[in-house]
Amino acid sequence: MSRSFRAETVKLVRRPASWLLLAITLVLALIFTYVFPYAGIAGGTDGPNTGRALPALLPDQLVGNSLGGLPVFLGSILLILGVLTVGGEYGWGTWKTVLTQGPTRLEVYAGKLLALAAAALAVVLAVFAVGAVASVLIASAEAQPVTWPSAGDLLTGIGAGWLIATMWAMLGAVLAVALRAVALPVGLGLVWMLAVQNLLAAIAAPLVDWVAKAQEGLPGPNAGSLAAALGAPGDTPGVAATVGGGQAAVVVAAYLVGFAAVGAVLLRRRDIG
């Protein structure tokens, strides 16, 4: 499994799509969390998230600001990465080539999941780093004191972000295995994350009690609740305290393990062709 992990890590690092997805993630995180709100504050104009006050953009809010995009928009990019990492083998017809080299299906699959988890951590750390730089620049421009979150809060935030990001990557992986493709899993995953779960929360849940109750067990609302519990702005799409932070962490972790396990069962029992 360690050899599979090393091989998958090399593939991720050398794949241009991985770096493109990382760049898109950082640009989205920077623009919608800091650039637009600060432009609205400085220019007195209205725009996405410009209602946030200046204190919300300073370094002491780094944890919440860095987690805000993961329940929906940044999480969808991790889902795409998960699909590409696992589903690419179907598109290229390379599963048989990989397996003839010696490793079993589950060893290769485990290597892919470990590489995805490492990539998710790298993405979360990069988002925190970009946010730290942006918040310091804003504080300097506005002559505000630079106060950082405590080390414990910072580590907790990074851990929560890693948990959410890895869960979405695992969802992409299991969709790729289930559908043995790339395009359809990406399409279905994005429809769920960007449309269905938001429609359920905004339209169905306020009208139908059982839908509101079901929200408490879905991955998106729990990811949003975990981010909200750690200070993510409530005006960010997907961020809402539907359940408590502790329950949200447990549910997100359960989905992560469940997605990985279902993918392993499907890969082991079905034809890879």
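# Chat notes on the helix packing

Colleague: Which residues does S66 touch, leaving out those up to four places away in sequence?

Modeller: Not counting those neighbours, S66 touches V127 and F128. Bear in mind that this is a predicted model.

Colleague: Where does S66 sit, and is S66 buried or exposed?

Modeller: S66 lies in helix 3. S66 counts as buried, because its relative accessibility is 3% and the cut-off for buried is under 20%.

Colleague: What does the side chain of S66 reach?

Modeller: A polar atom of the S66 side chain lies 2.8 Å from the backbone oxygen of L62.

Colleague: How far is S66 from P233 in space?

Modeller: Their C-alpha atoms are separated by 9.9 Å. Along the chain, S66 and P233 are 167 residues apart.

Colleague: Stay on that helix. What about N65?

Modeller: N65 lies in helix 3, which covers residues 62-67. N65 is buried, at a relative accessible area of 6%. Its side chain reaches the backbone oxygen of A56 at 2.8 Å.

Colleague: Now T33. Which helix is T33 in, and which backbone oxygen does its side chain reach?

Modeller: T33 lies in helix 2, residues 16-43. The T33 side chain reaches the backbone oxygen of A29, at 2.9 Å. T33 counts as buried, with 11% relative accessibility.

Colleague: Does a general rule go with helix spacing, and what is it?

Modeller: An α-helix has 3.6 residues a turn, so residues three or four places apart point the same way.

Colleague: Change of topic. How do helix 4 and helix 7 pack?

Modeller: Helix 4 spans residues 73-92. Helix 4 and helix 7 pack at an angle of about 35°, and their axes are 7 Å apart. The crossing is right-handed.

Colleague: Which residues make that contact?

Modeller: From helix 4, the contact uses G75, L78, L79, G82, V83, V86, G87 and Y90. From helix 7, the residues are A165, W168, A169, L171, G172, A173, A176 and V177.

Colleague: How do the residues of that contact divide into nonpolar, polar and charged?

Modeller: The contact of helix 4 with helix 7 has 12 nonpolar residues, 4 polar and no charged. Glycine counts as polar in that tally.

Colleague: On to helix 10. Why is helix 10 called largely enclosed?

Modeller: Helix 10 covers residues 219-229, and 9 of its 11 residues are buried, so the rest of the structure largely encloses it. The buried residues are P219, G220, P221, N222, A223, G224, S225, L226 and A227.

Colleague: What covers those buried residues of helix 10?

Modeller: The cover includes helix 3, helix 7, helix 8, helix 9 (209-215) and helix 11 (245-269).

Colleague: And what does G231 do just after helix 10?

Modeller: G231 takes a positive phi of about 100° there.

Colleague: Where is T242, and what does T242 touch?

Modeller: T242 lies in the loop between helix 10 and helix 11. Not counting residues up to four places away in sequence, T242 touches Q215, E216, P221 and S225. T242 and P221 are 21 residues apart in sequence, and their C-alpha atoms are 6.4 Å apart in space. At 33% relative accessibility, T242 counts as partly exposed.

Colleague: Back to phi. What is the usual sign of phi outside glycine?

Modeller: Most residues other than glycine have a negative phi.

Colleague: What about A143 and R180?

Modeller: A143 has a positive phi near 55° and is not a glycine. R180 is not a glycine either, and its phi is positive at about 50°. A143 sits in the loop between helix 6 (105-141) and helix 7 (151-179). R180 sits in the loop between helix 7 and helix 8 (183-207).

Colleague: How exposed is each of A143 and R180?

Modeller: A143 counts as exposed, at 68% relative accessibility. R180 counts as partly exposed, at 33%.

Colleague: Last one. Which residues does UniProt list for "transmembrane region"?

Modeller: The unreviewed UniProt entry lists residues 20-41, 72-92, 113-139, 159-179, 186-208 and 248-267.

Colleague: How much helix is there over 186-208, and over 248-267?

Modeller: Residues 186-208 are 96% helix and 0% strand, with the end C-alpha atoms 29 Å apart. Residues 248-267 are 100% helix and 0% strand, and the end C-alpha atoms there lie 29 Å apart.

Technical notes
Residues numbered from 1 in each chain as written. Predicted model: local features only at pLDDT ≥ 70, side-chain atom pairs only at ≥ 80, totals over all residues. Heavy atoms only, no water. UniProt positions renumbered as here; feature names shortened; annotations may be inferred. Helix = DSSP H or I, 4+ residues; strand = E, 2+ residues; numbered from the N terminus. Buried < 20%, exposed > 50% of the residue type's maximum accessible area, 1.4 Å probe, protein only. Polar contact = N/O pair within 3.5 Å; in protein donor to acceptor, adjacent residues only side chain to side chain. Axes fitted to C-alpha atoms, helices over the stretch in contact; angles between N-to-C directions. Left-handed = near helix turned anticlockwise from the far one by under 90°. Contact = heavy atoms within 4.5 Å.
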